[in-house]
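Open the model in your viewer and keep the selection tool handy. We will make a few stops together, from the surface to the inside.

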Amino acid sequence: MDSSTILYNQLQAAEPFFLLAGPNVIESEEHVLHMASRIKSISTKLGLPLVFKSSFDKANRTSSKSFRGPGMIEGLKILEKVKITHDIPIVTDVHESIQCEAVGRVADIIQIPAFLCRQTDLLVAAAKTGKIINIKKGQFCAPSVMENSAQKVRLAGNSNVMVCERGTMFGYNDLIVDPRNFEWMREANCPVVADITHSLQQPAGKKLDGGGVASGGLRELIPCIARTAVAVGVDGIFMEVHDDPLNAPVDGPTQWPLRHLEELLEELVAIAGVSKGKKSMKIDLTPFRD
């Protein structure tokens with residue numbers, strides 16, 4: 001059995017859930033090494049399987065002036081160092097088919113951004129690396145679309161796929177999370193992940209001094225979405241974490257403070273311990289008589 005399948009099976013069997021977590025983007029080698037160390041320490045203490053997340057390039061920023069990261073070549077070198085130094089698997093995203101082969105040599109999970117969840121060529125190129133593929137549901141998509149996206153990966157010869165809910169557009173500058181999606185996305189017949197931080201974005205909802213807009217967010221509601229997702233019974237939690245979110249160069253309003261990570265995860269583990277969300281309730285519709 002290859003290493004990707006072994007990891008996939010471990011994540012699929014994780015109780016109460018696995019964790020994909022890290023800062024939104026690589027700011028420096030020093031920063032991601034520090035964050036990986038702290039997050040691993042917390043996840044290990046709580047018994048949660050961890051895959052460390054950070055992006056080498058934020059290609060779909062609202063503004064052309066936004067920080068994008070170090071780029072693929074330098075970024076992959078840094079992520080490989082994190083992987084070796086802290087002995088943890090890595091998840092990072094791709095935006096073009098041409099990136100997949102190089103990313104697959106380092107990342108254990110290749111993430112497909114929400115805006116690109118239906119891009120067949122990208123899904124196929126990612127699948128052919130043999131790595132686990134995490135597909136984020138587009139903000140514009142019904143949950144049923146994810147069954148088709150997952151099938152594209154499988155038809156390319158890779159059965160190690162998972163799907164991720166990250167909210168649905170509600171008007172122009174807001175997202176909502178429909179808890180029913182966590183249940184409906186199980187029809188893709190693979191692990192379901194809840195992105196509890198991007199789900200609280202307010203796309204292009206923040207006006208900037210001097211003109212232009214950026215994405216805002218509702219960080220204070222991250223625990224609300226997280227509690228809901230775990231109670232429903234998702235297989236994994238995706239969250240972006242930062243040690244100084246007010247000064248994070250990207251998505252600061254929706255990155256969870258590192259100082260509160262253990263506190264939140266402890267609560268989520270407790271909720272998962274009493275919820276029966278992963279088991280379907282059998283409904284008996286025969287006439288009821290005392």
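Select Met-281, Ile-283 and Leu-285: together they make a nonpolar surface patch of about 450 Å² in this predicted model. Click on Met-281 by itself and you will find an exposed residue, with a relative accessible area of 73%. Met-281 lies in the segment after helix H9, which covers residues 261-274.

Next, select helix H2, residues 29-46. Try the distance tool on the C-alpha atoms at its two ends: they are 26 Å apart. That agrees with the expected span, because 18 residues at 1.5 Å a residue should also give 26 Å.

Which residues of H2 are buried? Color His-31, Val-32, Leu-33, Met-35, Ala-36, Ile-39, Ile-42 and Ser-43 to see them. In an α-helix there are 3.6 residues a turn, so residues three or four places apart point the same way. Now show what covers the buried residues of H2: the cover includes strand S1 (18-22), strand S2 (50-53), helix H3 (72-86), strand S12 (236-242) and H9. Just after H2 comes Gly-47, with a positive phi near 75°.

Our last stop is the cysteines. How many disulfides are there? The count comes to zero. Select Cys-117 and Cys-141: the sulfur of Cys-141 is the closest cysteine sulfur to that of Cys-117, but at 3.8 Å it is too far for a bond, because a disulfide needs the two sulfurs within 2.5 Å. Cys-190 is in no disulfide either, and its nearest cysteine sulfur, in Cys-164, is 11 Å away. Cys-117 is buried at 0% relative accessibility, and Cys-190 is buried with a relative accessible area of 9%.

Technical notes. Residues numbered from 1 in each chain as written. Predicted model: local features only at pLDDT ≥ 70, side-chain atom pairs only at ≥ 80, totals over all residues. Heavy atoms only, no water. Buried < 20%, exposed > 50% of the residue type's maximum accessible area, 1.4 Å probe, protein only. Patch = residues over 30% accessible without salt bridge, like charges linked within 9 Å, V, L, I, M, F, W, Y side chains within 5 Å. Areas by Shrake-Rupley, 256 points an atom, 1.4 Å probe, with all protein chains shown as cover. Salt bridge = Lys/Arg side-chain N within 4 Å of Asp/Glu carboxyl O. Helix = DSSP H or I, 4+ residues; strand = E, 2+ residues; numbered from the N terminus. Expected span 1.5 Å × (residues − 1). Contact = heavy atoms within 4.5 Å.
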